[in-house]
Amino acid sequence: MNKVILMGRLTRDPEIRYSQGEQSTAVARYTLAVDRRFNRNNGGDNQQTADFIGCVAFGRSAEFAEKYLRKGIKIAITGRIQTGSYTNQSGQRVYTTDVVVEDQEFAESKNASSGNNANSGGFIPVDRPSPSTAGDGFMNIPDGIDEELPFN
């Protein structure tokens, strides 16, 4: 099984390109800075370390990245690892490892990503519209639905 789940922040705005041909496909490349769970150093410097992981999205996911993802935004992605190689201009063989994005979601609220600490505490799906909320931040529940709720 080849399955990857990552949560991190974009190190820069996604780079978007379109394939050539009759039906051009969007291709988005971005790098996620993913914090390591444990510090590698045994010393007391307590420095946060991160891995920088290259990600590539295709089609609608790439178009979404182009429209909504920006440097510093925290996202969660699922995908698969893909390796490859090519010969550069110097004639040297270069090996690549990327995560091919299958699903991507915001991992914090818009306010939290802009520096405000009003984190929503959960994931906001990027491919689905968010529910309407009242001014107090709670979701509106339509009248007459009380009997369908599993609690009182």
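Author: Welcome! From the N terminus on, the elements of the chain run β-β-β-β-α-β-β-α-β, where helices (H or I, at least four residues) and strands (E, at least two) are DSSP runs numbered from the N terminus. This is a predicted model, in which local features need pLDDT of at least 70, side-chain atom pairs count only at pLDDT 80 or more, and totals for chains, interfaces and linings use all residues. Residues are numbered from 1 along each chain as its sequence is written, and side-chain values use heavy atoms, with hydrogens and water left out.

Reader: Thanks! Why is the contact between Arg 29 and Asp 98 called a salt bridge?

Author: A salt bridge is a side-chain nitrogen of Lys or Arg within 4 Å of a carboxyl oxygen of Asp or Glu. The closest N and O atoms of Arg 29 and Asp 98 are 3.4 Å apart, so the pair meets that definition.

Reader: What makes this pair a tie between separate parts of the sequence?

Author: Arg 29 lies in strand 3 (residues 26–35) and Asp 98 in strand 6, so the salt bridge joins parts that are 69 residues apart in sequence.

Reader: How do you know whether Asp 98 is buried or exposed?

Author: Buried means under 20% relative accessible area, exposed over 50%, and partly exposed in between (1.4 Å probe, protein chains only). Asp 98 has 18% relative accessibility, so Asp 98 counts as buried. Its partner Arg 29, at 38%, is partly exposed.

Reader: And what makes Asp 51 and Arg 36 a salt bridge?

Author: Their closest N and O atoms are 2.6 Å apart, so this pair also satisfies the cut-off. Asp 51 sits in strand 4 (residues 50–58) and Arg 36 in the loop between strand 3 and strand 4, 15 residues apart. Both residues are partly exposed: Asp 51 has a relative accessibility of 30%, and Arg 36 has a relative accessible area of 26%.

Reader: Which residues are linked in a network of salt bridges?

Author: Lys 3, Arg 80 and Glu 102 are. Within that network, the side chains of Glu 102 and Lys 3 meet in a salt bridge of 4.0 Å, N to O. This pair links Glu 102 in strand 6 (residues 93–106) with Lys 3 in the segment before strand 1 (4–10), 99 residues apart.

Reader: Why is Glu 102 called partly exposed?

Author: Its relative accessible area is 44%, which lies between the two limits, so the label follows.

Reader: How many salt bridges does a search of the whole structure find?

Author: The search finds six.
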